[in-house]
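User: Please go through the labels attached to this model and show how each one is justified. I would like the cut-off stated beside the value.

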Amino acid sequence: MSQALHPMLNIAIKAARTAGALINRASMDVDLLRISSKAPNDFVTEVDQAAERAIIEVLLTAYPGHGILAEESGREHGAKDSDYLWIIDPLDGTTNFIHGFPVYAVSIALAFKGQVQQAVVYDPSRNDLFYASRGRGAFLNDKRLRVSKRIRMSESLIGTGFPFRKGDNFKRYVRMFEAVMQNCAGLRRPGAAALDLCYVAAGYYDGFFETGLSPWDIAAGSLMITEAGGLIGNFTGDADFLYQREVVAGNPKIYGQLVQTLAPYTKVTKAETASTAPAALTAPAGEADLTPEAALSASLGVTEVAVDAPPAAPTKPLALRIRKADVKQT
């Protein structure tokens with residue numbers, strides 16, 4: 001890599017590549033893997049578990065005082081009260097992996113006092129390394145990433161994810177799918193949200209939306225997007241998304257139009273106050289004073305967006321706070 005990287009980002013890259021090597025070796029003998037089910041259609045393999053152990057070992061060897069939030073082991077490892085929290089998905093796209101469909105990735109993010117500072121998403125089947133440091137841009141290998149410049153939904157390629165767990169509201173998703181599909185050039189669903197978000201950052205997609213995601217699915221990708229000049233929030237256009245299980249992202253123009261389309265379908269909990277709810281990641285590089293809410297208004301040419309009910313009065317976005325409590329895994 002031509003540029004000097006932050007030491008903690010270097011460690012994250014080392015951990016991601018270590019996990020990726022395990023995943024690549026296992027991909028040659030997928031039929032021999034032990035596969036179990038966390039829930040209907042929600043699988044975990046011994047590779048997920050081995051990759052997660054390898055990542056945690058690398059991270060805690062370098063930084064034994066840091067905390068860990070991982071998909072398979074939760075908060076079991078690391079310091080429980082550290083200001084540093086590693087957010088890990090050892091194999092995003094497990095269903096793809098066990099079917100031999102080569103769209104899956106390792107996702108690692110580091111938050112300091114609630115703000116994601118470093119991010120790595122590694123696609124081992126293509127040897128593609130996406131990485132970002134707060135305020136220093138996002139990259140694919142050595143290439144600087146920028147979101148697309150498209151401004152019309154009718155010309156945009158949008159990524160998404162389908163509901164697949166028991167209890168998911170599939171009828172609600174079909175309505176969202178129809179609303180977006182009728183207004184864009186195409187909709188894609190590869191099945192690995194961490195990579196989908198990186199594809200927004202790279203400009204492959206113009207936007208992305210999905211429901212039911214957990215923090216480890218989106219933490220790293222969210223920094224890629226903001227560092228590439230994009231925006232990410234929930235369906236109402238607010239910057240509170242990490243724990244709301246709904247996310248929309250895109251370049252600033254397409255983000256605003258997607259929010260206008262998706263706002264009627266939001267399930268965001270309004271009961272939390274600004275002091276307790278996780279809020280914004282930083283604005284995109286070069287647009288430090290542009291919040292998702294501001295971009296939404298700018299892209300639509302209005303000061304307020306009407307949805308099913310009038311939105312609450314906007315509040316100043318806070319820094320994203322990663323909750324220390326265990327996150328319920330699904």
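**Labels and their cut-offs**

Analyst: Strands β13 and β14 (residues 246–250) pair in the antiparallel sense over three bridges. One such bridge joins Ile232 to Ala249 in β14. The model is predicted, with local features needing pLDDT of at least 70 and side-chain atom pairs pLDDT 80 or more, whereas totals for chains, interfaces and linings use all residues. Numbering starts from 1 along each chain as its sequence is written, and side-chain values use heavy atoms, without hydrogens or water.

User: Why do β13 and β14 count as a pair?

Analyst: Two strands pair if DSSP finds at least two bridges between them. β13 and β14 have three bridges, so the condition is met.

User: What makes a run of residues a helix or a strand?

Analyst: Both are DSSP runs numbered from the N terminus: H or I over at least four residues for a helix, E over at least two for a strand. By that rule the chain has eight helices and 14 strands.

User: What is the order of the five strands in the open sheet, and why is one side of β11 and β13 left without a neighbour?

Analyst: The order is β11-β10-β12-β14-β13, with mixed pairing. β11 (186–188) and β13 (231–233) are at the edges and each has a single partner strand, so one side of each has no neighbour in the sheet. From one strand to the next the twist averages 15°.

User: Which helices lie across strands of this sheet, and at what angles?

Analyst: Helix α4 (residues 170–181) lies across β10 (157–160), β11, β12 and β14, at about 170° to β12. Helix α6 (residues 215–227) lies across β13 and β14, at about 145° to β13. Such angles run from 0 to 180 degrees between N-to-C directions, the axes being lines fitted to C-alpha atoms, for helices over the stretch in contact.

User: What is the order of the seven strands in the other open sheet?

Analyst: That order is β3-β4-β5-β6-β7-β8-β9, and the pairing is mixed. The edge strands β3 and β9 (143–144) each pair on one side only. β6 and β7 are antiparallel over six bridges, and Val121 has Phe130 in β7 as its bridge partner. α6 also packs on this sheet, touching β3, β4, β5, β6, β7, β8 and β9, and its direction makes about 100° with that of β6.

User: Why is Asp206 called buried?

Analyst: Buried means under 20% relative accessible area, exposed over 50%, and partly exposed in between, with a 1.4 Å probe and protein chains only. Asp206 has 1% relative accessibility, so the label buried applies. Asp206 sits in the loop between α5 (193–202) and β12 (207–211).

User: How do you know that the side chain of Asp206 has a polar atom close enough to the backbone nitrogen of Leu157 to count as a polar contact?

Analyst: A polar contact is a pair of N or O atoms within 3.5 Å; within protein, one must be able to donate a hydrogen and the other to accept it, and residues adjacent in sequence count only if both atoms are side-chain atoms. The distance here is 2.8 Å, inside the 3.5 Å limit. Beyond four places in sequence, Asp206 has contacts (heavy atoms within 4.5 Å) that include Ser148, Arg150, Gly250 and Asn251.

User: Why is α5 described as largely enclosed?

Analyst: All 10 of the 10 residues of α5 are buried, so the rest of the structure largely encloses the helix. Gly203 follows α5 with a positive phi, near 85°.

User: What makes a set of residues a nonpolar core, and which residues touch the most other members of the largest one?

Analyst: The set must be buried Ala, Val, Leu, Ile, Met, Phe, Trp, Tyr and Cys residues joined through side-chain atoms within 4.5 Å. In the largest core, of 42 residues, those with the most such neighbours are Val121, Phe130, Leu145, Leu195 and Met224. α5 gives the most to this core, with nine residues. Another core lies apart from it, with 36 residues, among them Leu33 and Leu110.

User: How many disulfides are there?

Analyst: The count is zero, a disulfide being a pair of cysteine sulfur atoms within 2.5 Å. Cys184 is buried at 11% relative accessible area, and Cys198 is buried at 0%.
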